[in-house]
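Q: I have a protein structure open in front of me and would like to learn how to read it step by step. Could we go through it together?

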Amino acid sequence: MSAKKVWIDISDISVWAGYHTGTQRVVYQIAKRYRGQPNVDYFVFNPRSNTFHQHSFDEVIQRVEAAAQEAEAGAPPPKPSKSIRARVMVARVYQNSPEAVRKRLTPERRTLIKRVLKKAKRTMRPPQPAVATPTTPAMRFGADDIVLITGKAWDYRSFMEALRKDKLDQHFKIIQVVYDLIPIFFPHLFGLPLFKPYTQHMFEVGALSDGLLAISESSKRDMLNYCKGMLIPPPPIDVIRLGDDFAKVEPVKPGIKSLKPGNFILCCGTVEVRKNHQLLYTAYKEGFRRGLKLPKLVVVGGKGWYTGDVMYQFTHDPAFRDMVYIGGRSDQELEWLYQNCLLTVYPSVYEGWGLPIAESLAHGKLCLASDTSSMTEIAGDLIEYFSPYDTVGCLELLQKYMDKPTLAKKEAQIQKTYQPVAWDHTFTQVKKFVDKM
Amino acid sequence: MVKKKILIIGVYPIKRPQHGGQKRLAAIVKLYKQIFSEVRFVAIFPPDYYQVYDRSDIAVKGITRKKTTDSPYTGDIICGLAIHDDPRVRKRMEKLLTTFKPDIIQCEQVFPYFGLKPLLEELDMHPKIVQSSQNIEYIQKLEILSNAGYADEAKEASELIKKWESDMSTHADLSVAVSPEDAAELAELGAKHPVVAPNGIAKHHASQAARDRWTQFREQERVTKIATFVGSAHPPNWFGFLATIGDRVGFMPSDARIMLAGSISDYFHDTFVEKKLQPEYVTFWNRVHAAGRMSDDALYGLIDSSDVILLPITEGGGSNLKTAEAILSGKKIVATSYAFRSFEDYMDLPNVYVADTPEAFRETLLKAFDAPFKKRTKEQEALAEKVQWEYCLQPMVEGVKAL
C-alpha cells in the first residue's frame, strides 16, 4: 500500500515569469518549504484539456532565483507592454468562455479573436523558460492523497469541476487556502465578469474541500457566512498568518527628483476602486481647504478596476501637482520608498489580509489603515484606524502624525514591538493542518 | 357506446398537451370518445401562448388577442368572455352549437361558462351542463395575480370568477372536482353532490435512445444522484420549489443534481441570472440543471433515469398530475403532503417521503438519495396502477352517463 502523498498546486507560478506578488508569493513560499519533504509532489492544471499533470518544482525555483539574481544585478523587472496585456486579457476571456458562448460568436468575431489569441500566445512567451505547457501525461490523484491548493485556482474556470470529477472517482482530500470573498460580498468593487465564476468557484471550494486555511479571521468569518448562506456544510477551517519577512534588497531611489527622504506619505497597492484612493484624494482636498500643509502623496501600484475618475482627479487637479504616481516599480524602489516615507496610509474598503500594512510595519513605519475586515488583525492597537468612509477621520489622523515627536514615538513603539512573521511559521501552520488530515 | 352528443369546451388546445390542464383535458376527450357516440372538443384560446392546435379550435384575434397579451395571467377569463362578446368567436360557437346540437356541454374549468351561459340563453338552447373543475379558480387566480404583484386586479378578477363559479355550481347538472377538498368547496358554492375524479396519468415507456441520453449525461457530468422536478412555468410550481428546496443548493452533494424538466426551466433560467449579483442565483446552477422543455419520450427517459421525483407543491388547487406521474413511475418520491391531496392512499407506498418544511424537505431529499430502494408488493403495484386516467376519471364518466 502506498503512503499518502501531498500534491501541491503550482499552476500559478509555473506560467509566471515576473516577480511574485500576492498569491504567487504564498504559493511559492509554501511550495518551496515543502521541497524535499517525503511524499510531496507538485502538479499543474491544464485548462485546455482539464487535466492535472505532475510538474517539476525545481524548474520554478531555478527561474525565480535567476530572476532574483538579475534583479540584484539591477535589471528591471520583466514587464509586458500594454498591448500584450490587452491581448492576454482577450485570450483569457475567450479561453475561459463557456463553449455555448463561443458558439454564439459570429464567424468574423471568432476569426478576429482567434487572431488576437494567436498573437497573444506568441507574445506571451516570457523571457524565462516557460513551464506552462505540461510535459508529463495527465495524472490521477491517489485515494489517500491530499491536494493542497494555495493559489488562484479561480483563474481557471474548469479547475474545480475537473477536481470534482476526479474526486468522485478517487476520494482524495482537498485543502485550499481562502484569501477572501470580496468579489462575492462586494461585487461592485470588481469587474462584473468576475462575480459569477468567483462565486461559483468558492461554492465548490466550500463544498468539495476537506479543510480550508483562511488567511485571516475575517476571511474565515466570511467563508463561514458564505457557506451558511449557501447551505454548504462548512469544512474545518484554520487561520494561518502569512509571512512578511521579505527578503532584504538594496534600496534604489526611484528616478523622481522631487522625492526626498521624509517628505512624502506612501500609499501602496493596486489603484482599484476597492483600495479607496478616492478617500485619500478627498481627505487631502479637505486638508487643503483647511489650510493644512500636507506632505507629498506617493501612490504606488498598477492600475486596476474602475479608478479612471480618481486618477483623472489626481492627475489634473492643480492642487495635486506635487503628488507622485508610480505604476510599475521594482522591489528595490519599493524598499527605498518604505525606508524613506513619513508613514503609510491604507484606506482600502475591504481586504482578505492587507499586506501593505504588514510591509509598512516590517519597515518600522506607521500605517494608518481602514478599520474594516482583516486590517485590524495585523497589528491590533499598534497602529491607528479610520473608517474607509470617513474622510475627516483619515485627515485628522494624518494631521496628528504630522507632529514629528508623536510620529517618532509611534515609530519607536512599532520598531520595538512589531515582529514580522516568518514564512517558516506560515509553512508550519499549513503543514500541521495538512498532517492532521 | 353510450348514445350521447357531448361538446367539451376549454380555454387551451390539446393537440400537443404540455401542461397538466391540457393533459387532463386530452385524457377526458380521449376517454369520452371511447364511451360516447359523438364527442367534440373546441378550444377558445390565446394563440400567443399556444402554437399547436386543431382546425376546429378557435384562436382569438384582434382586440381580444391583444387583451390576452396585455394581461397574460387572465387570458382564460378573456377567452371565456369572448364566446359571447367577441363577434368572430361568437359566430363560430353559434354555428357549432346550432349544427351539432349537443345533449351535454362540459366546460373544462369555469371560464368557458362566462360566455356560454348568455349565448345559450340567447339561442334558447338547454343542454345539460357539466362543470369540470381543475381548481377552485377564484382562489387560484387571487393567489397567482397577488403573487405576481397585481393586487388590485387580483381582487377584481377573483370576484368575477367567484360570481361565475357560484352560478355554475348552482346551475350545472353535474359538478366534478379533482379532490375532496375542491368538491367540498364546490358544494359550498352551491354544487349538488359533486363527484371527485382525480387527475391521472397515461402509462408511457421511454425509448432506449431517450434513456441512453440521460445515462450519457450522468457519465459525462459524473453525476450519481438525480432528483427531477417536472413542471410548467405555472407560478405555483416555482413558488413551491422556492418554498421547499429554496434557491440555495449547497446542501446538495457535489455528485447530485436537481433536474428541472418542462417550462419551469424557463422561469429559473430567466430569473436566476448573473446580472442580479446574488450569489444564490449563480450558484443555483452548480447543482441544478435546466433540462428545459422536451418531448414526452425524452421526459420519460429522464424520469426513468432519475433516482428521485420531486413534488414540492405548496399551493394551487386541484390535484396534481405530477403526483400521479411520480406514483406510476415507481421512483422514490420526495413530496409535500399537499402534493398528495386526493392521492392520500398512496402516501404509504414504499419509497415515498413526505416533508413539509424547507429544512425537512431538504434533509428528506438527502435521505431519499441514500436510502435503499424498496420493492412494491403486488397489492401496492395494483394500487399504483390506479393512478391512470381510466381509473381516475371513472366517477366523471359515470356521472355523465347518468345525465
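Q: Which residues touch the most other members in the largest nonpolar core?

A: The general idea is that, in soluble globular proteins, nonpolar side chains tend to be buried together. In this predicted model, the largest nonpolar core has 114 residues, and within that core B:Ile44, B:Leu260 and B:Val334 touch the most other members. At least three residues of this core come from domain 1 (2–200 + 390–401) of chain B, and at least three from domain 2 (208–387) of chain B. Apart from this core lies another one, which has 103 residues, including A:Phe52, A:Leu266, A:Ala283 and A:Phe314.

Q: What is B:Leu260 in contact with, leaving aside its neighbours within four places in sequence?

A: Once those neighbours are set aside, B:Leu260 is in contact with B:Phe229, B:Ser265, B:Phe268, B:Val288, B:Ala290 and B:Ala291.

Q: How is chain B divided into domains, and how many residues of each domain are in contact with the other?

A: Chain B has two parts in its domain assignment, namely domain 1 (2–200 + 390–401) and domain 2 (208–387), and the centres of these domains, taken over C-alpha atoms, are separated by 29 Å. Where the domains meet, 25 residues of domain 1 of chain B are in contact with 17 residues of domain 2 of chain B. On the side of domain 1 of chain B that touches domain 2 of chain B, helix 1 (20–35), helix 6 (137–147), helix 8 (180–189) and helix 17 (389–392) of chain B each supply at least two residues, and helix 6 of chain B gives the most, with five residues. The residues of that side divide into ten nonpolar, ten polar and five charged.

Q: Turning to chain A, at what angle do helix 2 and helix 18 of chain A pack?

A: To read a packing of helices, one looks at the angle and at the distance between the axes. Helix 2 (residues 22–34) and helix 18 (residues 423–436) of chain A pack at an angle of about 75°, with their axes 10 Å apart, which means that helix 2 of chain A is roughly perpendicular to helix 18 of chain A. In this contact, A:Gln29, A:Ile30 and A:Arg33 of helix 2 of chain A meet A:Trp423, A:Asp424, A:Thr426, A:Phe427 and A:Val430 of helix 18 of chain A, and the residues involved divide into four nonpolar, two polar and two charged.

Q: How many helices and strands does chain A have?

A: The secondary structure of chain A comes to 18 helices and 14 strands, and 39% of the 437 residues of chain A count as buried.

Note on methods
Residues numbered from 1 in each chain as written. Chains lettered and ligands numbered in written order. Predicted model: local features only at pLDDT ≥ 70, side-chain atom pairs only at ≥ 80, totals over all residues. Axes fitted to C-alpha atoms, helices over the stretch in contact; angles between N-to-C directions. Helix = DSSP H or I, 4+ residues; strand = E, 2+ residues; numbered from the N terminus. Parallel < 35°, antiparallel > 145°, perpendicular 65-115°, else oblique. Contact = placed C-beta atoms within 7 Å. Nonpolar A, V, L, I, M, F, W, Y, C, P; charged D, E, K, R; others polar. Core = buried A, V, L, I, M, F, W, Y, C linked by C-beta atoms within 7 Å. Buried ≥ 20, exposed ≤ 12 C-beta atoms within 10 Å, placed from the backbone. Domains from an automatic or database assignment.
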